[in-house]
Amino acid sequence: MAAHRKPRSAPLGRPAARTAATLALASAATATLFEGSGHADPTGPRRTPAQVRTEVDRLYQEAEVATERYNGAKERADAAGVSYDRLRDEAARRTERLNTARQSLGAVAAAQYRSGGLDPALQLALTADPDDYLERAALAQKAGDRQAAAVTAVRREIAGLAQLRAESADRLTALRGHEAELRRQKATVLDKLAAARRLLARLTAEERARYEAAVAARATPATAGTSGTAAGGGAAARADRSSGARGTGAGSGATPASASAPAAGRASAALSFARAQLGKPYVWGATGPSAYDCSGLTQAAWRAAGVSLPRTTYTQINAGRRVSRSELAPGDLVFFYSGISHVGLYIGGGQMIHAPRPGAPVRIAPIDEMPFAGATRVA
């Protein structure tokens, strides 16, 4: 019964609390990313704005790789935590059954003790009523059967409990390993973002403006005027929606033959959700509803369409049928970089909706802006 269960402390905080803490920390890191004095750092070699842009791009890409590894470790840690809790609950239930079986066995033993435990032949010789004895002997046989069943039940519960405890120990070891991996990947992400922040802080105000203009120019004409922050996101989102509806082909290179085909069914629902997120900030490790990282956005979009995607880019690419670039259709997942570290949602016309990186909100951009690695059709 639940009343017999001893209180236990969970090895991890509840998922909601962990998610809130992750988002709070990630948001703080992102918020400080573009803080800087605007003055040159007197230490270290002086870089040109173009060199800074190249180095910052590299740091952001490495941070995204670490982010996806963090997302994978978090998914595994959450699953291990749930499994560990389940095993502990089952162990508690088995302990209750073991105690009940032991009590039943003890009651049988006590009854035998009270009966004196005489040899059956001697009891028959001493009794004045053989018929009465035989009746009682039959009852005793039944009691013996119950005793044997009680002993078997005790043994079964002891063996099951030992197995559960061994499984719980293994799961706890795995859980601690996933938590350690979480800490390592979190430190890597924060280190990369801090290095990018230091580089940007060495730019003058004029150089920073040119840098941000160059970053914005990578997006579609409709999004090029955004500031790269959540501020002004509403106007940018409206412009992006308009641009996406027109399906412009800016920067798309060879446009797939199917690019102009309208999305249908679940793909249409996923795209509608993604469009509603335009202008929301990128926050590493975030899955919405107020912020996203790249795989968090695609996962949330397809969840809104009734499809459950795995959490990371390198697992999402295997969540459907692979399609070539020439076969792309609205709703397909498009992946980038050799390590499959970035993902977007294809909308047609050589463009996608994606969560780019810290400081750049969810927006529409050409798929040519990053090295294309593959595509998957979910439904």
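In this predicted model, strand β2 (residues 333-336) and strand β3 (residues 342-348) run antiparallel and are joined by 4 bridges. Within this part of the sheet, Leu333 has Leu345 of β3 standing opposite.

The pair belongs to an open sheet of 6 strands, ordered β1-β6-β2-β3-β4-β5 and paired in the antiparallel sense. Because β1 (321-323) and β5 (363-366) each have a single partner strand, they stand at the edges of the sheet, and one side of each is left without a neighbour there. From one strand to the next, the twist averages 40°.

Beyond β2 and β3, the pairing continues through β4 to β5, and the three pairs are set out below.

| Strand pair | Sense | Bridges |
|---|---|---|
| β2 and β3 | antiparallel | 4 bridges |
| β3 and β4 | antiparallel | 3 bridges |
| β4 and β5 | antiparallel | 4 bridges |

Across the pairing of β3 with β4, Tyr346 stands opposite Met352, and in the hairpin of these two strands, which has 2 residues between them, Gly349 takes a positive phi near 65°. On the other side of the pairing scheme, Ile353 of β4 stands opposite Ile364 in β5. The side chains of β4 are divided between two directions, with Gln351 and Ile353 pointing one way and Met352 and His354 the other, and all of these residues are buried.

Two helices pack on the sheet. Helix α7 (residues 265-276) touches β3, β4 (351-354) and β5, and its direction makes about 110° with that of β3. Helix α8 (residues 294-304) touches β2, β3 and β4, with its direction at about 50° to that of β3.

How are α7 and α8 placed with respect to one another, in angle and in distance between their axes? They pack at an angle of about 130°, with their axes 7 Å apart, which makes α7 oblique to α8, and their crossing is right-handed. At this contact, Arg266, Ala267, Ala270, Phe273 and Ala274 of α7 meet Ala300, Ala301, Trp302 and Ala304 of α8. By class, the contact is made up of 8 nonpolar residues and 1 charged residue, with no polar ones.

Elsewhere in the chain, Ser168 lies in helix α4 (residues 130-201). Its relative accessibility is 10%, and Ser168 therefore counts as buried, the cut-off for that class being under 20%. When residues up to four places away in sequence are left out of account, Ser168 touches Tyr84, Leu87 and Arg88.

Note on methods
Residues numbered from 1 in each chain as written. Predicted model: local features only at pLDDT ≥ 70, side-chain atom pairs only at ≥ 80, totals over all residues. Heavy atoms only, no water. Pairing = 2+ DSSP bridges. Axes fitted to C-alpha atoms, helices over the stretch in contact; angles between N-to-C directions. Contact = heavy atoms within 4.5 Å. Buried < 20%, exposed > 50% of the residue type's maximum accessible area, 1.4 Å probe, protein only. Parallel < 35°, antiparallel > 145°, perpendicular 65-115°, else oblique. Left-handed = near helix turned anticlockwise from the far one by under 90°. Nonpolar A, V, L, I, M, F, W, Y, C, P; charged D, E, K, R; others polar.
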